[in-house]
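Here's a friendly walk through a small set of helices and how they sit together. Have a look at the picture first, then read on.

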Amino acid sequence: MKLSLKTARVNANMSQAQVAKLLGVHVQTYRKLEENSDTATIGQAKKLSALLKVPYDEIFLPHNSTFNRIPTTSAEVHGICAAERR
């Protein structure tokens, strides 16, 4: 699932000004990130992910990206292993 940065922020019940302050940028800079999250630095993406409590790949990577999160549960690992055997 791909979330917009704005959706992730709203779901976290935070204002643009709050996120901007915690991110250490001017609110206008943050607004531009919401308009085009592709311009976020890796550091900003990681920090935003932590602030908004959403995995970074759900905001910053396309759904079909090969760079999605590494599986963390045994079910995910076994599901990948089963898919590779097919």
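Which helices do the buried residues of H2 pack against? They pack against H1, H3 and H4. Keep in mind that this is a predicted model.

So who are those residues? In H2, you'll find Gln 16, Val 19, Ala 20 and Leu 23 buried. They sit on the same side of H2, because they cover an arc of only 100° around the axis. In general, an α-helix has 3.6 residues a turn, so residues three or four places apart point the same way.

H4, spanning residues 42–52, can be read in a similar spirit. Its buried residues are Gln 44, Ala 45, Leu 48, Ser 49 and Leu 52. Their arc around the axis is only 135°, which puts them on the same side of H4. Flip to the other side of H4 and you meet Ile 42, Lys 46 and Ala 50, which are exposed. The cover over the buried residues of H4 includes H1 (5–11), H2 (16–23), H3 (27–35) and H5 (56–60).

Two residues with a positive phi are worth a glance:

| Residue | Place | Phi |
|---|---|---|
| Gly 24 | just after H2 | about 80° |
| Lys 53 | just after H4 | about 60° |

Now for the middle of things. The largest nonpolar core has 16 residues, and Leu 5, Tyr 30, Leu 48, Leu 52, Ile 59 and Phe 60 have the most contacts inside it. H1, H2, H3, H4 and H5 each give two or more residues to this core. Take Phe 60: leaving aside neighbours within four places in sequence, its contacts are Lys 2, Leu 5, Ser 37, Ala 40, Ala 45 and Leu 48.

Terms used: Residues numbered from 1 in each chain as written. Predicted model: local features only at pLDDT ≥ 70, side-chain atom pairs only at ≥ 80, totals over all residues. Heavy atoms only, no water. Buried < 20%, exposed > 50% of the residue type's maximum accessible area, 1.4 Å probe, protein only. Helix = DSSP H or I, 4+ residues; strand = E, 2+ residues; numbered from the N terminus. Arc of directions from axis to C-beta. Contact = heavy atoms within 4.5 Å. Core = buried A, V, L, I, M, F, W, Y, C linked by side-chain atoms within 4.5 Å.
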